[in-house]
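Visitor: I am new to this structure and should be grateful for a close look at a single part. Please begin at the surface, go inward from there, and then place that part in the whole.

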Amino acid sequence: MFRKFSIAALVLTASLVFNSCTVNKPAEQVRTITVNGSGTVYVKPDLVSLKFMIRSIEWNVNLASEKNATTTTNVINAIKEAGIDEKDISTVDYRISQDNSNNYPGRYSVVNSISVLIRNTENTGAVIDAAVRSGANGLTAFEYLVSDQTTAIRQARTIAIQNAQDAAALLAGASGCRTDMVLDIKENGNYTTTASPMLRNASIDAITPILEGSVSITSNVSVTYSLQ
């Protein structure tokens with residue numbers, strides 16, 4: 001009887017030890033690799049955004065303001081006559097200040113900044129000429145735009161993912177491993193850049209030539225893969 005009890009106790013003890021070892025065994029750590037990928041697509045722009053400055057300087061603030069108002073009206077009318085719809089013309093800044101520097105000491109400066117959206121890029125040179133000839137004395141911004149970036153962004157993302165896959169496969173292969181499942185994907189934002197336009201001055205009878213630039217749309221991703 002005592003012998004049977006001892007054997008049963010021994011079996012129970014061994015079972016408890018086995019189960020304890022199984023429960024406390026640490027899980028196998030998953031090996032991973034994280035890589036970055038980038039994709040850029042170049043797109044022909046279909047819009048141009050311009051910002052003109054009309055600046056008037058006089059000793060009398062009222063005279064400066066009146067002069068600026070007249071010139072600005074002339075510039076806006078000239079831009080409209082060049083083929084731009086009124087809804088695509090807007091005032092983006094208006095400032096009155098007295099110059100305390102050595103440039104125009106004591107005189108008042110009135111600045112009116114006008115934004116113009118050109119929907120026909122071939123008309124850009126004519127719009128610039130019309131604004132300048134009617135009194136605009138500054139072109140402070142020139143930017144190419146793309147009205148629909150959906151397709152370009154999709155293409156840039158595809159290239160970025162493929163770029164990340166190639167990098168991961170190369171690094172893993174060089175380390176004697178192989179990539180397995182995708183564990184995480186993060187897109188670090190899309191951004192758009194434009195090539196600087198080339199402007200050349202023209203005579204009074206010629207249209208300012210504009211050499212069209214391009215818009216680049218870029219996607220950046222970070223991808224984590226498990227390794228085999």
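**From a surface patch to strand β9**

Guide: Val 30, Met 181 and Leu 183 together make a nonpolar patch of about 310 Å² on the surface. It should be said at once that this is a predicted model. Within the patch, Val 30 is exposed, because its relative accessible area is 56% and the cut-off for exposed is over 50%. Val 30 belongs to the loop that lies between α1 (2-24) and β1.

That loop brings us to strand β1, which covers residues 32-43 and pairs with β9. The two strands run in the antiparallel sense, and their pairing extends over twelve bridges. One position may serve as an illustration: Thr 40 is found opposite Thr 218 of β9.

Strand β9 is the part I propose to examine closely. This strand spans residues 215-227, and twelve of its 13 residues are buried, so β9 is largely enclosed by the rest of the structure. As a general point, the side chains of a regular strand alternate between the two faces of the sheet.

Ser 216 gives a view of β9 at the level of one residue, for its place is in this strand. Ser 216 has a relative accessible area of 9%; it therefore counts as buried, since the cut-off is under 20%. Leaving aside residues up to four places away in sequence, Ser 216 touches Thr 40, Val 41 and Tyr 42, as well as Tyr 191, Thr 192 and Thr 193. Thr 40, already met opposite Thr 218, is thus also one of the residues touched by Ser 216.

The wider setting may now be added. The protein chain contains four helices and nine strands, and from the N terminus on its elements follow the order α-β-β-α-β-β-α-β-α-β-β-β-β. Of the 228 residues in the protein chain, 32% are buried. Where contacts join residues at least 6 apart in sequence, 82% of them link residues at least 24 apart. The accessible surface of the protein chain comes to about 14,600 Å², and carbon and sulfur atoms account for 53% of that surface.

One further detail concerns aromatic rings, of which the whole structure yields one pair. The ring centres of Phe 142 and Tyr 144 are 5.4 Å apart and the planes stand at 70°, so this pair is edge-to-face. Both Phe 142 and Tyr 144 are buried.

Conventions. Residues numbered from 1 in each chain as written. Predicted model: local features only at pLDDT ≥ 70, side-chain atom pairs only at ≥ 80, totals over all residues. Heavy atoms only, no water. Buried < 20%, exposed > 50% of the residue type's maximum accessible area, 1.4 Å probe, protein only. Pairing = 2+ DSSP bridges. Contact = heavy atoms within 4.5 Å. Patch = residues over 30% accessible without salt bridge, like charges linked within 9 Å, V, L, I, M, F, W, Y side chains within 5 Å. Areas by Shrake-Rupley, 256 points an atom, 1.4 Å probe, with all protein chains shown as cover. Salt bridge = Lys/Arg side-chain N within 4 Å of Asp/Glu carboxyl O. Phe/Tyr/Trp six-rings, centres within 6.5 Å; stacked < 30°, edge-to-face > 60°.
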